[in-house]
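This report walks through one protein model, from its cores to its sheet and on to single residues. Keep the structure in view while reading.

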Amino acid sequence: MNCVNLQGKKKQFLKKINNRELRNSGYIPCIVYGINKNIKFYILLSILKKVIYTFKVYKVIIEIKNEYKIEALLKEIQFNPINDDVIHVDFYELKKNKYIIISVPIISVGHSLGVSKGGEYKIFIKKINLKVIPEFIIDHMDIDTSNLDIGENLSIKDIYNPKYIILHNCNDVIASVKVKSSKTSPSRKGKGKGKGKV
């Protein structure tokens, strides 16, 4: 998966500066929830944009001075409810063989057989929740829809992979190809009105 290096500054070095002043200077307060301890730090918004304004899931290497070098994933972004500015970002540390829960986008691959016959492709699950160890983290999931014919569905049970646990019902429908709905004929209200009696 994609990996981004983030250079941060530990909070203790900036304790005399309040969060508003930091944001005005282009920094965002952050925290990484670690295996043994939680670490508060600050990082430039211009750097954070690499992992915030994207639909992909990135593994990040957080480096704070020469003291910490932590592999982590983005956990939560807090926005200002008035202007949508980023005000705080949470990360959680990755640990080998320890399961984490992630949500990744689904990308349809291939031209459906049913669409070639005039059907209409519909996708119902656009992001999928997975329980996975760091070794098998993915930033998106491709689903092959090439063989999907008119009237057929692609369900969660069809994309089983032993590398992760899918946190959805096995019968949940991800995508399907339906018969295209025909346009309704124009209304014929009023037919026969205006005719006189014989």
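A nonpolar core here is a set of buried Ala, Val, Leu, Ile, Met, Phe, Trp, Tyr and Cys residues joined through side-chain atoms within 4.5 Å. The model is predicted.

**Overview**

The protein has three helices and 13 strands. Of its 198 residues, 34% are buried. Contacts often span long stretches of sequence: among those with a separation of 6 or more, 63% link residues 24 or more positions apart.

**Two cores**

In soluble globular proteins, nonpolar side chains tend to be buried together. Which residues of the largest nonpolar core touch the most other members? They are Leu73, Ile100, Ile102, Ile128, Leu130, Ile159 and Ile174, out of 24 residues in that core. Four strands each supply at least two residues of this core: S7 (100-109), S9 (127-132), S10 (141-144) and S13. The largest share comes from S7, with four residues. Apart from this core lies another, of 21 residues. Its members include Val4, Cys30, Phe41 and Val60.

Ile102 shows how one member of the largest core is placed. Leaving out residues up to four places away in sequence, Ile102 touches Leu73, Tyr92, Ile128, Asn129, Leu130, Val132, Ile137 and Ile138. Leu73, Ile128 and Leu130 are themselves on the list of core residues that touch the most other members.

**The barrel**

Strands of a sheet pair through backbone hydrogen bonds, either parallel or antiparallel. In this model, six strands close into a barrel. Their order is S1-S3-S2-S6-S5-S4, and the pairing is mixed. On average, neighbouring strands of this sheet are turned by 45° against each other, direction ignored.

Four of the pairings are set out below, each with its sense and its bridges.

| Strands | Sense | Bridges |
|---|---|---|
| S2 and S3 | antiparallel | seven bridges |
| S1 and S3 | antiparallel | two bridges |
| S1 and S4 | parallel | six bridges |
| S4 and S5 | antiparallel | six bridges |

S2 covers residues 27-33 and S3 covers residues 38-44. The two form a hairpin with four residues between them. Two bridge partners place S2 against S3. Ile31 is matched with Lys40, and Pro29 with Tyr42. S3 also meets S1, where Lys10 has Phe41 as its bridge partner. Phe41 belongs to the core of 21 residues as well.

On the other side of S1 in the barrel order comes S4. Here Asn5 stands opposite Ile61. S4 then leads to S5, where Ile70 is the bridge partner of Ile62. S4 and S5 form a hairpin with three residues between the strands. In that hairpin, Lys65 takes a positive phi near 55°.

Where does helix H2 (residues 45-52) lie? H2 lies across S1 (3-10), S2, S3, S4 (59-64), S5 (68-79) and S6 (86-93). Its axis runs at about 105° to S3.

**Ser176 and His168**

Ser176 sits in strand S13. Is Ser176 buried or exposed? Ser176 counts as buried because its relative accessibility is 0%, and the cut-off for buried is under 20%. Beyond residues up to four places away in sequence, Ser176 touches Glu120, Tyr121, Lys122, Phe124, Leu148, Glu152 and Asn153.

His168 lies in the loop between strand S12 (165-166) and strand S13 (173-178). Its relative accessibility is 22%, so His168 counts as partly exposed. That class falls between the limits of 20% and 50%. Which residues does His168 contact, neighbours within four places in sequence aside? They are Ile125, Lys127, Ile128, Asn129 and Ile156. His168 and Ile128 are 40 residues apart in sequence, yet their C-alpha atoms are 7.8 Å apart in space. Ile128 thus ties in with two earlier lists: it is a contact of Ile102 and a member of the largest core.

**Aromatic rings**

A search of the whole structure finds one aromatic pair. There is also a charge placed over a ring: Lys131 lies over the face of Tyr99, at 5.7 Å from the ring centre.

Technical notes. Residues numbered from 1 in each chain as written. Predicted model: local features only at pLDDT ≥ 70, side-chain atom pairs only at ≥ 80, totals over all residues. Heavy atoms only, no water. Pairing = 2+ DSSP bridges. Axes fitted to C-alpha atoms, helices over the stretch in contact; angles between N-to-C directions. Contact = heavy atoms within 4.5 Å. Buried < 20%, exposed > 50% of the residue type's maximum accessible area, 1.4 Å probe, protein only. Phe/Tyr/Trp six-rings, centres within 6.5 Å; stacked < 30°, edge-to-face > 60°. Lys NZ or Arg CZ within 6 Å of the ring centre and 35° of its normal.
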